[in-house]
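I opened the notebook to look at how helices pack in this model, and then at a few single residues. Here is what I looked up, in the order I went.

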Amino acid sequence: MSSSIIIKPPAPWQRRGPQRRNRVALFLLVLFASTSISTACEDRRSPLGPSDPGSSNPRLALEVTQQWSPYVGVQVTGEALEAYQDALSLLLRSGQLKGVRVEISRGSLAAGARVIKAIGALGVELLGLISNEYLFDQDIEQVIDRIFAMYPEIRYFQVGNEITTILPTSGPTMTIERYMAVFQRIYDHVQTRYPGRAILLTQSTLGFSLYGPTELETMAELGLADMDPTKVIIAINDYEPQSATQYVGLLGSTLRRYRVWVTESGVANPDAHIGFVQGGYPLLRNYLRAERIYWFVMWGGDSGSDTDFSLIKNPGSYPDYWTSPLFRLLTGSSN
Amino acid sequence: MTLRRLAFVSTLVLVLPASLAAQQPRQADSPSQDGSGTYLKLGLAHWQRNIFDSQSLSQWRGNLFGSDFDLTSAALEIETYFDRPHLQLSGWFVGYRKDALRYSDSGHMVHAGLFRSFNLAVFELRTSGGVEWGVPSLNFDTTVFDDRDDGIVRYNHIFPVKNADIPFIGTKRDGAVYPFIELSVVQRPGRFLLEGGMRINIVEFRFDDYEVDAADEITYAFTEKRLLLPYLFVNLGLKLF
């Protein structure tokens, strides 16, 4: 079957030479491509908002407090206790604090307990991070018995943190397979010996790159997916909320029934703290369905890599310690 | 209900062009002999921002380029017109689309499909169908929380089902594959190709409801639905050979 062809007189552009047509075509194609890309770039949703525009802006304060998750990580340091108590009380009174994540460490058990109990006495809920060093103990069940006896006020216990990435290579390290064997023992022990006593959180996997998600997938394959989702919460440390793609599929399939808490998040720049809460926290909730996001950290030391995550600095100079723009905005304080 | 809508839209897309073509003088119901060729196309697409308020075309909002939109995509495609119809088809295409350019980890989709072109008086009307595969943009994931004063936390998590693997990287279910249909209007003046139209991706979504009470008891309500995700696109192409 042949189709008829209608012959039309050539259009003006058809009468020009082929070289010129090619140049015009190329020009238009490039113009269209650049327009497409620039227009597409306009839909960027910046995860970072304006940097510290001041706590005097009530609209900004409302936006930030709406996104803020009232949970903070506190490094257990006795020298900062007075400043901690003051800062946490300010957050509590402002309605911006419900819970605190603290590390239960073997090295300073008694001193640490004093700080942890002082923080708990403020009326905040505690998430106890059972330090990585405990997980090498041969009798992990006895360790759990001691910790549970020491902290009857704590209901949420996290078993380890970034276990395969944070331990120095000079000391003992732990594979995720070995970790899951320990976690399974703790889980079994708690369900048998202390039914209903505690909710366990997994060690926090890292939230950026492919490492954390694939590690969590391995944890699921090694028994996590068989545990009771009402007894276990998935913990993730995520400092790059826009890079959660690999978690999304996992949390929407194998680990669909499990709750998710982001146990560390933040940015190492005080001027960007507010913007991170505005832009990053909604992404963590959206992508990871994170019930809670713990800000890292109340005080990360006055020097070193963690210091600029801090909500407060120079706690030794209490009551004249430094506070970050985010802290001031949350508490409505001017200093 | 969604299936009925899907059937209705599919019927429209597939039957309407044929019906229109049948009403035209029979100058060419398939690509003419000089209409064959391979084109390189660059495209721009615009999606509706909140697909969850309007899950079908019947509820699609009219303010197409207003504030309800914030997802723009750029696409690169190669398509070939046959020199004569094969199995009633006029050609094929393969392409790549990047959704939400800011985020490099997601919004990478490749697609392939077949089309049928109907020459009308002043333009071609084209119907297409195909399959898309890749890592969907995270713009389609949303969670709405309701933290109540009595300690109960409720949230609704909506996301496209990850039903495919992206080999060699990441986790096992990190990708999605789904079919799509397209209706577009095409003009091919000289070496150019100008196209505008609508694509409807047919994507399975999960709607997961969680409720956690103060005693950490958790209840779930999980449902799945196939949603029609329409977007508008324009393409500019250049004939390669």
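**Entry 1: helices α6 and α7 of chain A.** I started with helix α6 (residues 140-150) of chain A and helix α7 (residues 176-193) of chain A, whose axes come within 9 Å and cross at roughly 55°. That angle makes α6(A) oblique to α7(A). I also looked up the hand, and α6(A) passes α7(A) in a right-handed crossing. On the α6(A) side, I found A:Ile140, A:Glu141 and A:Ile144 making the contact; on the α7(A) side, A:Val182, A:Arg185, A:Ile186, A:His189 and A:Val190. Sorted by class, this contact of α6(A) with α7(A) has five nonpolar, one polar and two charged residues. A reminder to myself before going on: the model is predicted.

**Entry 2: helices α3 and α10 of chain A.** My next pair was helix α3 (residues 58-67) of chain A and α10(A), with axes that come within 9 Å and cross at roughly 45°. This makes α3(A) oblique to α10(A). Which hand does the crossing of α3(A) and α10(A) have, left or right? I read it as left-handed. From α3(A), A:Glu63, A:Val64 and A:Gln67 meet A:Ile274, A:Val277, A:Gln278, A:Tyr281 and A:Pro282 of α10(A). By class I have five nonpolar residues, two polar and one charged in the contact of α3(A) with α10(A).

**Entry 3: helices α4 and α5 of chain A.** Then I took helix α4 (residues 81-93) of chain A and helix α5 (residues 109-120) of chain A, which pack at an angle of about 20°, their axes 10 Å apart. Why do I call α4(A) roughly parallel to α5(A)? Angles under 35 degrees count as roughly parallel, so the angle puts α4(A) and α5(A) in that class. The crossing of α4(A) and α5(A) is right-handed. Here A:Leu81, A:Tyr84, A:Gln85 and A:Leu88 in α4(A) meet A:Val115, A:Ala118 and A:Ile119 in α5(A). I noted six nonpolar residues, one polar and no charged ones in the contact of α4(A) with α5(A).

**Entry 4: the nonpolar core.** A:Ile119 caught my eye again, so to speak, when I turned to the core. The largest nonpolar core has 108 residues, and A:Ile119, A:Leu200, A:Leu288 and A:Met298 are those with the most contacts inside it. Helix α10 (residues 273-288) of chain A gives the most to this core, with eight residues. I then listed what A:Ile119 is in contact with, leaving aside its neighbours within four places in sequence: A:Val74, A:Tyr84, A:Leu88, A:Val100, A:Val102 and A:Val124.

**Entry 5: A:Gln158.** I wanted to place this glutamine, and A:Gln158 lies in strand β4 (residues 156-159) of chain A. Is A:Gln158 buried or exposed? It has 23 other C-beta atoms within 10 Å, and 20 or more are needed to count as buried, so A:Gln158 is buried. Setting aside neighbours within four places in sequence, A:Gln158 is in contact with A:Leu127, A:Gly128, A:Leu129, A:Ile130, A:Leu201, A:Ala235 and A:Thr263. I also checked A:Gln203, 45 residues from A:Gln158 along the chain, and their C-alpha atoms are separated by 6.4 Å.

**Entry 6: B:Gly129.** Over in the other chain, I found B:Gly129 in strand β5 (residues 124-135) of chain B. B:Gly129 is partly exposed, with 16 other C-beta atoms within 10 Å. Not counting residues up to four places away in sequence, B:Gly129 touches B:Gly113, B:Leu114, B:Pro179 and B:Ile181. How far apart are the C-alpha atoms of B:Gly129 and B:Arg148? I have 46 Å for that pair, which is 19 residues apart along the chain.

**Entry 7: the chains as wholes.** I closed with totals. Chain A has 11 helices and 11 strands, and buried residues make up 42% of its 335 residues. In chain A, residues 24 or more positions apart account for 79% of the contacts with a separation of 6 or more. Chain B comes to one helix and 10 strands, with the helix leading in the pattern α-β-β-β-β-β-β-β-β-β-β. Of the 241 residues in chain B, 37% are buried. For chain B, the share of contacts with a separation of 6 or more that join residues 24 or more positions apart is 61%.

Methods: Residues are numbered from 1 along each chain as its sequence is written. Chains are lettered from A and ligands numbered from 1 in the order in which they are written. This is a predicted model: local features need pLDDT of at least 70, side-chain atom pairs count only at pLDDT 80 or more; totals for chains, interfaces and linings use all residues. Helices (H or I, at least four residues) and strands (E, at least two) are DSSP runs, numbered from the N terminus. A residue is buried if 20 or more other C-beta atoms lie within 10 Å of its own, exposed if 12 or fewer, and partly exposed in between; C-beta atoms are placed from the backbone. Two residues are in contact if their C-beta atoms, placed from the backbone, lie within 7 Å. A nonpolar core is a set of buried Ala, Val, Leu, Ile, Met, Phe, Trp, Tyr and Cys residues joined through C-beta atoms within 7 Å. Axes are lines fitted to C-alpha atoms, for helices over the stretch in contact, and angles run from 0 to 180 degrees between N-to-C directions. Angles under 35 degrees count as roughly parallel, over 145 as roughly antiparallel, 65 to 115 as roughly perpendicular and the rest as oblique. A crossing is left-handed if the near helix is turned anticlockwise from the far one by less than a right angle, and right-handed if clockwise. Ala, Val, Leu, Ile, Met, Phe, Trp, Tyr, Cys and Pro count as nonpolar, Asp, Glu, Lys and Arg as charged, and the others, Gly among them, as polar.
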